[in-house]
Amino acid sequence: MPSFKYPQTHHMKTPAEFERCYTRKRSAADGLLVVYACENGLAHPRLGCSVSRKVGNAAVRNRYKRLFREAFRLSQHDLPQGVDLILIPRPGPYPELGALRASLVKQARYAARKLSEGPRSSPPPGPRPEKTGRDVSPATGSPAAAVAPPRPEVSGAAPEGAP
């Protein structure tokens, strides 16, 4: 029977570990939580919780962290191995533990799949067009000329004098 312990070796602790996971930029999200993932080179997943003050006061934040730890503890054998996971709650009411476990497993697998896909495709090199905040005609430089040209009239489409 698998062990459902949550030892210290399964915790992400240092700011450098969190930063490494954030800079890897592999995440998945749904209505309950956001999951960031990165490789850890270990035979087991590790958990990090990031609950901001926007979620609520200290009691609320601690409850989210307890829920996250319990969902991780109960689901650790269903999670991808060898990844660090950072969980961030979405605003809203407290999630039920069952819904949180299902969301954690689904989003962790999706984020781990993104890890195995390789590097992200970057935009092609070269200068980007300037954005001025409004449409400007390249020919005249005036905003009025950037308006779409009038549509050509179709002969016989409407009788004379009809609107």
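## Contacts around Ala37

Contact here means heavy atoms within 4.5 Å. With that in hand, we can start our visit at Ala37, and keep in mind that this is a predicted model. Leaving out residues up to four places away in sequence, Ala37 touches Cys21, Arg24, Arg26, Asp84, Leu85, Ala111 and Leu115. Ala37 belongs to strand E2, which covers residues 33-39. Is Ala37 buried or exposed? Its relative accessible area is 0%, so Ala37 is buried. Ala37 also shows how the fold brings distant positions together: Val83 is 46 residues away in sequence, yet the two C-alpha atoms are 6.4 Å apart in space.

Cys38 is found in strand E2 as well. Cys38 is buried because its relative accessible area is 2%, and the cut-off for that class is under 20%. Beyond residues up to four places away in sequence, Cys38 touches Arg20, Cys21, Arg24, Gly82, Val83, Asp84 and Leu115. Cys38 and Ser116 are separated by 78 residues in sequence, while their C-alpha atoms are 9.9 Å apart.

## The overall layout

Now let us step back to the whole chain. The protein has three helices and four strands, and from the N terminus on they follow the order α-β-β-β-α-β-α. The protein has 163 residues, and 30% of them count as buried.

How much do far-apart stretches of the chain meet? Take the contacts between residues at least 6 apart in sequence: 78% of these join residues at least 24 apart.

## Where two helices cross

Helix H2 spans residues 58-75 and helix H3 spans residues 97-116. In general, two packed helices are described by the angle between their axes and the distance between the axes. For H2 and H3, the axes come within 9 Å and cross at roughly 65 degrees. Their crossing is right-handed.

Which residues of H2 and H3 meet? On the H2 side they are Leu67, Phe68, Glu70, Ala71, Phe72, Leu74 and Ser75, and on the H3 side Leu97, Leu100, Arg101, Leu104 and Val105. Sorted by class, this contact has nine nonpolar, one polar and two charged residues.

## Aromatic pairs

How many aromatic pairs does a search of the whole structure find? The search gives three. One of them joins Tyr22 and Tyr36: their ring centres are 5.0 Å apart and their planes stand at 80 degrees, so this pair is edge-to-face. Tyr22 sits in helix H1 (residues 15-24) and Tyr36 in strand E2, so to speak two distant parts of the chain, 14 residues apart, linked by the pair. Tyr22 counts as partly exposed at 26% relative accessibility, and Tyr36 counts as partly exposed at 22%.

Tyr64 and Tyr94 form a tilted pair, because their planes are at 50 degrees, with ring centres 5.4 Å apart. Tyr64 lies in helix H2 and Tyr94 in the loop between strand E4 (83-89) and H3, so the pair ties together parts that are 30 residues apart in sequence. The two partners differ in accessibility: Tyr64 is buried, with a relative accessible area of 3%, whereas Tyr94 is partly exposed, at 34%. Ring pairs also bring in Phe68, making a cluster of Tyr64, Phe68 and Tyr94.

## Other neighbours of Tyr94

Tyr94 has further company. The charged end of Arg63 sits over the ring of Tyr94, at 4.4 Å from the ring centre.

Val60, found in helix H2, is another partner. Apart from neighbours within four places in sequence, Val60 is in contact with Val55 and Tyr94. Val60 and Tyr94 are 34 residues apart in sequence, and 8.9 Å apart in space from C-alpha to C-alpha.

## A backbone detail at Lys25

Our last stop is in the loop between H1 and strand E1 (27-29), where Lys25 is found. In general, most residues other than glycine have a negative phi. What is the phi of Lys25? Its phi is near 60 degrees, a positive value in a residue other than glycine.

How values were computed. Residues numbered from 1 in each chain as written. Predicted model: local features only at pLDDT ≥ 70, side-chain atom pairs only at ≥ 80, totals over all residues. Heavy atoms only, no water. Buried < 20%, exposed > 50% of the residue type's maximum accessible area, 1.4 Å probe, protein only. Axes fitted to C-alpha atoms, helices over the stretch in contact; angles between N-to-C directions. Left-handed = near helix turned anticlockwise from the far one by under 90°. Nonpolar A, V, L, I, M, F, W, Y, C, P; charged D, E, K, R; others polar. Phe/Tyr/Trp six-rings, centres within 6.5 Å; stacked < 30°, edge-to-face > 60°. Lys NZ or Arg CZ within 6 Å of the ring centre and 35° of its normal.
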